[in-house]
Amino acid sequence: MILILKHNAPQQELQALEAMLSEQGVQVTGIHGTHHNILGLVGDTSKIDIDSILAQPVVENVKRVQEPFKACNRKFHPEDTVVEVAGRKIGGGHVQVMAGPCSVENEDQIIEVAEAVKKAGATMLRGGAFKPRTSPYAFQGLHAEGIDLLKKAKAATGLPIVTEIMAIEHLDLFADVDLIQVGARNMQNFELLKALGHSDKPILLKRGLANTMEELLMSAEYIMAGGNMNVILCERGIRTFETKTRNTLDIAAVPLLKQLSHLPITVDPSHATGIPSLVKPLSLASIVCGTDALMIEVHNNPSKALSDGAQSLTPAQFAEVMDDVKKQIAFCGKELG
Ligand code: PEP
Ligand code: MN
């Protein structure tokens, strides 16, 4: 971290600042020029609060050299992290495909979709039981019953299940869920992230609608700071000025997050675009960019779906996507499942 100090800052205040910084466990080196004084901080600066430094009357500006995220930073952990979900590896050359409906609606629906996506090659079943809907009048999910139905679908197909948590007080209901999803709208629900940091469940952390990559990594950091290192990042599109797609898939985030962090990454082309015909090309592009998993919405009857029907693939469309996804995974020298 580099601090640029105000011109003619009183010596006494400079010394007080240096002492305050040294107390925070970093090494402080001063460079004193004719017009400017600069302080260089070396060591672990992740706990230093930039705002409180800027609030010091002698400080003109501050520049971070080291990223504020530590546990998920590739610099301190060069090898890829491989997260195991019910015995299936995400990362390290394995690519998982999570597929299923936006919402779990009833037993026949989830079993039918689970069997169809498994047949097409999906390796995990997704389905929302707690749904974050824009309108309070829209279908909110079956809650505990939805999780029970996912468990039935798991028993019928053997597919591990992934579903979204929206509130800490529901955590007990997730005891048999294999991968807990934190949705885009909760990416910065810090109390929820802290609680999940104390859980031993793998967490799928989706990027917020308007959050930067650094904010996503800081949210991963919240979970990891509590001791839970099993975090998978998810790029699911961000809000931009474009209106042709539901969101804009930030495809550059895939290789860039991999450079910045050792955590595995998933891409969700369904929520990123809202358009079924874009799911295949963006799935293939995501594999080329190094994604470790895909999350794709599939419904047995999209026109009757209680949520996100318009972006859901039919089982037949999903099977067609999977044909090319399998080839692309093999072409990239990776393994499905
Ligand atoms: C979902 O996966 O159904 C969902 C609501 O996703 P997101 O949080 O990315 O909008
Ligand atoms: Mn959805």
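Start by selecting the manganese ion, ligand 2: its protein donors are Cys102 (SG), His271 (NE2), Glu297 (OE) and Asp308 (OD), at 2.0 to 2.4 Å from the metal. Keep in mind as you click around that this is a predicted model.

**Stop 1: the metal site**

With those four residues shown as sticks, try reading them in chain order. Their spacing is C-x168-H-x25-E-x10-D. Now colour His271 and Glu297. The two bring distant parts of the chain together: His271 belongs to helix α8 (residues 269-273), while Glu297 belongs to strand β14 (residues 293-297), 26 residues apart. Switch on a surface and look for the pair: both His271 and Glu297 are buried.

Next, click on Asp308. This metal donor is found in the loop between β14 and α10 (315-331). If your viewer shows backbone angles, check its phi, which is positive at about 50° although Asp308 is not a glycine.

**Stop 2: the largest pocket**

Stay with His271 and Asp308, and add Pro132, Arg185 and Arg246. What do these five have in common? Among the 24 residues lining the largest pocket, they are the closest to its centre. The volume of that pocket is about 390 Å³.

Colour the lining by class and you'll find five nonpolar, nine polar and 10 charged residues. Which element gives the largest share of this lining? Select strand β9 (residues 161-165), which supplies three residues.

**Stop 3: strand β1 and its two partners**

Move to strand β1 (residues 2-5) and show its side chains. In a regular strand, side chains alternate between the two faces of the sheet. Here Leu3 and Leu5 point to one face and are buried, whereas Ile2 and Ile4 point to the other face and are not buried.

Now bring in the partners. Strand β4 (residues 59-63) runs antiparallel to β1, and four bridges join them. To spot the pairing, select Ile4, with Asn61 of β4 opposite. Strand β3 (residues 37-42) is also antiparallel to β1, again with four bridges. For this pairing, select Leu3 and look for Leu39 of β3 opposite.

**Stop 4: strand β11**

Strand β11 (residues 203-206) makes a good contrast. Ile203 and Leu205 point one way and Leu204 and Lys206 the other, yet all of them are buried. Add strand β10 (residues 179-182) to the view: it runs parallel to β11, and three bridges join the two. Which residue in β11 is the bridge partner of Ile180? Select Ile203.

**Stop 5: a turn of the backbone angle**

Jump to Ala86, in the loop between β5 (83-85) and β6 (88-90). Its phi is near 45°, a positive value in a residue other than glycine. Ala86 counts as partly exposed because its relative accessibility is 46%, which falls between the 20% and 50% cut-offs.

**Stop 6: Leu142 and Lys118**

Select Leu142, in the loop between β8 (124-126) and α4 (144-157). Is this residue buried or partly exposed? Its relative accessibility is 22%, so Leu142 counts as partly exposed. Leaving out residues up to four places away in sequence, Leu142 touches Val104, Glu105, Asn106, Ala129 and Leu149. For a distance to draw across the model, join the C-alpha atoms of Leu142 and Arg64: these residues are 78 apart along the chain and separated by 46 Å.

Then find Lys118 in helix α3 (residues 107-120). Lys118 counts as partly exposed because its relative accessibility is 41%. Apart from neighbours within four places in sequence, its contacts are Thr157 and Leu159. You can draw a line here too: from Lys118 to Val104 it is 16 Å, C-alpha to C-alpha, with their positions 14 residues apart in sequence counted as the separation.

**Last stop: zoom out**

Finally, show the whole protein as a cartoon. There are 10 helices and 15 strands to find. The C-alpha atoms fill a box of roughly 75 × 45 × 40 Å along the principal axes. How many of the 337 residues count as buried? The share is 50%. If your viewer can draw contacts, take those between residues at least 6 apart in sequence: 67% of them join residues at least 24 apart.

How values were computed:
Residues are numbered from 1 along each chain as its sequence is written. Chains are lettered from A and ligands numbered from 1 in the order in which they are written. This is a predicted model: local features need pLDDT of at least 70, side-chain atom pairs count only at pLDDT 80 or more; totals for chains, interfaces and linings use all residues. Side-chain values use heavy atoms; hydrogens and water are left out. On a 1 Å grid over the protein atoms alone, a cavity is a set of points where a 1.4 Å probe fits but cannot get out, and a pocket is an open set with protein on both sides within 12 Å along at least five of seven lines; lining residues have an atom within 4 Å of a point. Grid points are joined across faces, edges and corners, and a volume is the space filled by probe spheres set on the points. Ala, Val, Leu, Ile, Met, Phe, Trp, Tyr, Cys and Pro count as nonpolar, Asp, Glu, Lys and Arg as charged, and the others, Gly among them, as polar. Buried means under 20% relative accessible area, exposed over 50%, partly exposed in between (1.4 Å probe, protein chains only). Contact means heavy atoms within 4.5 Å. Donors are N, O and S atoms within 2.8 Å of the metal (3.2 Å for Na, K and Ca); water is not among the atoms, so sites may look incomplete. Two strands pair if DSSP finds at least two bridges between them.
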